[in-house]
Amino acid sequence: MTQVAFELDLSSGQVRDVRATAEAGPLRDAFTWSVTCADGAVQVFALGHHGLEQIGRCTVDAAGVVRDRLGADDDEPNDYQWGRVIDGLGVALKQALTVEGPRRTDPSVRRRKGRAPGPAPARPAAEPRPAAPAVRSSRRTGVIVGVAAVAAVPVVFGVWGAVEYQGHRRRTPPPPPPPVAVPEDVAAVDEPDPPDAAVANALPTPEEAVLAAPSLVAAAAVVRDRLDERAVADGAWLLARYASGRATWADFHVADAETSLPLALKDGARERGKRLCVTGRLLDIARSDLDQRPVYAGALVTADGDTLRFIAVGSTGTLVKRDTGTFCGVVTGRVDDAAMAVGMFDLPENARPIVER
């Protein structure tokens, strides 16, 4: 199997700089990973606190079957990121790949690329050179002259200060000018801008921050913290842009719900960013396209009469109006008399890894 290496943009899934080598290249930022493959052994590198670090490895055989996925921790690489890595590997190898077996975690996988340099060898002691008395004597004389010059400085300034003070006493100072009143409105205009203004202008926009987020949790945190409660629909569609190409079922589904539909209806702002699962009858569902990917917007009502408006990514199978389905997602707030969330429907095809869909 030929050797290959490439850089992977986690945000877009784009594969760059494909090379016929097994050496990881330098990385520009934390959102770009380096992937190498040599004789079926795949290594994944990311930019860490100490430079380039290995964070994952797996194997791929001649038939294109990927096995033994092992990561440094549960969040890096996660299911979504492994999907990006394997998709990129298929592009670099020009081969269709499939995955066998679950991913596993082992902290010992994380290690710095290469070995840390050892202590520098001790230099041999230099042979003593004969002293130069004349030069040392000259330097000693220069030091003495310098000290004397420095000591003379306070005396000179003291004499000058005394003379100036006496002359100042002989002069009659002019009366001070009357104070000029400054109107309050003028003073307010002349006040400098707060120092935080420049910092605020340098921050990325909410859209940039969401689309560059390393995980769905981080993207939801941007929507929660930086978008006004009145922009619930805008926040939901922005989060759906992120989720449509990057999120997995595991990102939305939790064994123990973090909130509930009644809580989201009671205080949508407080429950933003929390995950829930809701079962109900679909009132409506319709396809839209985000970044050339299909998403499905609609509403469902529970048996208790509570309404959830949703934007569903992934597959919706054969679900149509009046069908019953279970939706798991992230709450983005409340719109009128309904809570709003972004997520997926509980369907077998949504539980499969991205590379198998």
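Start by selecting strand 3 and strand 4 (residues 41-48) in this predicted model: the two pair in the antiparallel sense, with five bridges between them. For a single rung of that ladder, click on S34, whose bridge partner in strand 4 is F45.

Next, slide along to the hairpin that strand 3 and strand 4 make. How many residues sit between the strands there? There are two. While you're in this hairpin, pick out D39, which takes a positive phi near 50°.

Now keep strand 3 (residues 32-38) selected and show what surrounds it. Is strand 3 mostly buried or out in the open? Six of its seven residues are buried, so strand 3 is largely enclosed by the rest of the structure. Buried here means under 20% relative accessible area.

Add strand 1 (residues 4-9) to your selection. Strand 1 also pairs with strand 3, in the antiparallel sense, over six bridges. To see the two facing each other, find V4 and look across to C37 in strand 3, which stands opposite.

Time to jump further along the chain. Select strands 10, 11, 12, 14 and 13, and you'll have five strands that close into a barrel in just that order, with mixed pairing. Neighbouring strands of this sheet are turned by 45° against each other on average, direction ignored.

For a last stop, zoom in on one piece of the barrel: strand 11 (residues 293-301) and strand 12 (residues 307-312). These two run antiparallel and are joined by six bridges. Which residue of strand 12 is the bridge partner of A299? Select R309, and there you have the partner.

Definitions and conventions. Residues are numbered from 1 along each chain as its sequence is written. This is a predicted model: local features need pLDDT of at least 70, side-chain atom pairs count only at pLDDT 80 or more; totals for chains, interfaces and linings use all residues. Side-chain values use heavy atoms; hydrogens and water are left out. Buried means under 20% relative accessible area, exposed over 50%, partly exposed in between (1.4 Å probe, protein chains only). Helices (H or I, at least four residues) and strands (E, at least two) are DSSP runs, numbered from the N terminus. Two strands pair if DSSP finds at least two bridges between them. Axes are lines fitted to C-alpha atoms, for helices over the stretch in contact, and angles run from 0 to 180 degrees between N-to-C directions.
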